[in-house]
Amino acid sequence: MNSVTSVILRRVGGMLVVMLAIVTVTFVIVRLTPGDPAAMILGDQATVQDIADLRTQMGLDRPIIEQYASYVFDALRGDLGQSIFLGVPVLDAIANSAETTFFLTLFAILIAVAIALPVGIISAYKRGSVIDQIAVGVSMLASSVPSFWLGLILIQTLAVSLGWFPTSGYGGPGASFATRMGHLVLPAVALGVVNSALILRFTRAAMLDVLSEDYIRTARAKGMIEKRVVMRHALKNALIPIITVVGLSVALLISGAVVTETVFGLPGIGNLTVNAVMRRDYPVIQGTLLMVAGVYVLINFLVDMLYILVDPRVRL
């Protein structure tokens, strides 16, 4: 077994342990949440007996350990239960919302990287210049702006005042793919601009470290053109911290999408989770938390694999 295969197997084993821990933690947190889903479903007019009967029907009267064992066993079989309020399997509810969150996150990270990578490289190369000071100042400002506030500003200016983009929603049933993507422009810009600040600062710091290395001075002394020194030698060796922060940003974007989807009325995972929490819909809360945590773990795994791809000397 070669070292790369060994690393992958160790990482996959670690992912399974982390996922089991996440399943346990989410189950406990959801059960500790105040409120009775049976009482919320039946409303204020329900009798105590009605609520007790529904709790029995939902399996909420069983011992916690028994509920936990049943949930883990079903989750291992790919069954996350049935939504209490939506009346559909949790996996179907998540699948119906996943497209919105997936494309929102994808567009946002592309915008963030498209802004941060070139500006970070130029800022490091022009260290101390007016360009560098402006880039650092703007990145600090962007990092302090909440994405939902920027989203509201974009809605007011580009959607309400100018009418260039829709104010909210996802195009409605039967909308074309282009229409649905058009509804994601403003929320993706709001998330992308805010998250570009973190990537820009890491890119600048990583490039500054590399540009001061001896081999960069040697390359310049040999007469290598600056573009090649920066893009081939400096950027390549600065990629590992940049990949790390891009992976972290994707994870942050998924959590940030919860608020942004609510502001823009997007039917994504964030909206699904918020509604499930409001309704005490335990199976959906557990399913969405498990899905988001699983994406976190998967992103970390992919980042680790990119380390090896970028620099084969890395052994995790």
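## The largest pocket

Helix 4 is the top contributor to the lining of the largest pocket, supplying four residues. Bear in mind that this is a predicted model. The pocket holds about 440 Å³ of space. Its lining is made up of 19 residues, and those closest to the centre are Arg 31, Met 58, Arg 62, Gly 81 and Pro 283. Besides helix 4 (64–76), the elements that put two or more residues into the lining are helix 1 (3–32), helix 3 (48–58) and helix 13 (282–310).

Arg 62 is worth a second look. Along with being one of the residues closest to the pocket centre, Arg 62 pairs through its side chain with Glu 66 in a salt bridge, at 3.7 Å from N to O. Arg 62 is partly exposed, with a relative accessible area of 33%, and Glu 66 is also partly exposed, at 39%.

## Other salt bridges

Searching the whole structure turns up six salt bridges. As a reminder, side chains of opposite charge can pair when their charged atoms come close. One of the bridges joins the side chains of Arg 180 and Glu 99, at 2.9 Å from N to O. This pair ties together distant parts of the chain: Arg 180 sits in helix 8 (residues 177–182) and Glu 99 in helix 5, 81 residues apart. Arg 180 counts as buried because its relative accessibility is 18%, under the 20% cut-off. Its partner Glu 99, at 29%, counts as partly exposed.

Then there's Arg 220 with Glu 226, another salt bridge, where the closest N and O atoms are 2.9 Å apart. Here Glu 226 is partly exposed at 29% relative accessibility, and Arg 220 is partly exposed at 32%.

## A nonpolar patch on the surface

Over on the surface, five residues form a nonpolar patch: Phe 148, Trp 149, Leu 152, Ile 153 and Val 259. Together they offer about 460 Å² of accessible area. Helix 7 (residues 147–161) gives the most to this patch, with four residues.

Trp 149 is found in helix 7. With a relative accessible area of 46%, Trp 149 counts as partly exposed, so it falls short of the over 50% needed to be called exposed.

## How far to trust it

The protein chain has a mean pLDDT of 82, with 95% of its residues at 70 or more. Confidence is highest in helix 5 (residues 90–125), at a mean of 89, and lowest in helix 2 (residues 37–42), at 70. Helix 5 is also where Glu 99, the partner of Arg 180, is located.

Terms used. Residues numbered from 1 in each chain as written. Predicted model: local features only at pLDDT ≥ 70, side-chain atom pairs only at ≥ 80, totals over all residues. Heavy atoms only, no water. Patch = residues over 30% accessible without salt bridge, like charges linked within 9 Å, V, L, I, M, F, W, Y side chains within 5 Å. Areas by Shrake-Rupley, 256 points an atom, 1.4 Å probe, with all protein chains shown as cover. Salt bridge = Lys/Arg side-chain N within 4 Å of Asp/Glu carboxyl O. Buried < 20%, exposed > 50% of the residue type's maximum accessible area, 1.4 Å probe, protein only. pLDDT = per-residue confidence, 0-100. 1 Å grid on protein atoms, 1.4 Å probe; cavity = no way out; pocket = protein on both sides within 12 Å on 5 of 7 lines; lining within 4 Å. Points joined across faces, edges and corners; volume = space filled by probe spheres on them.
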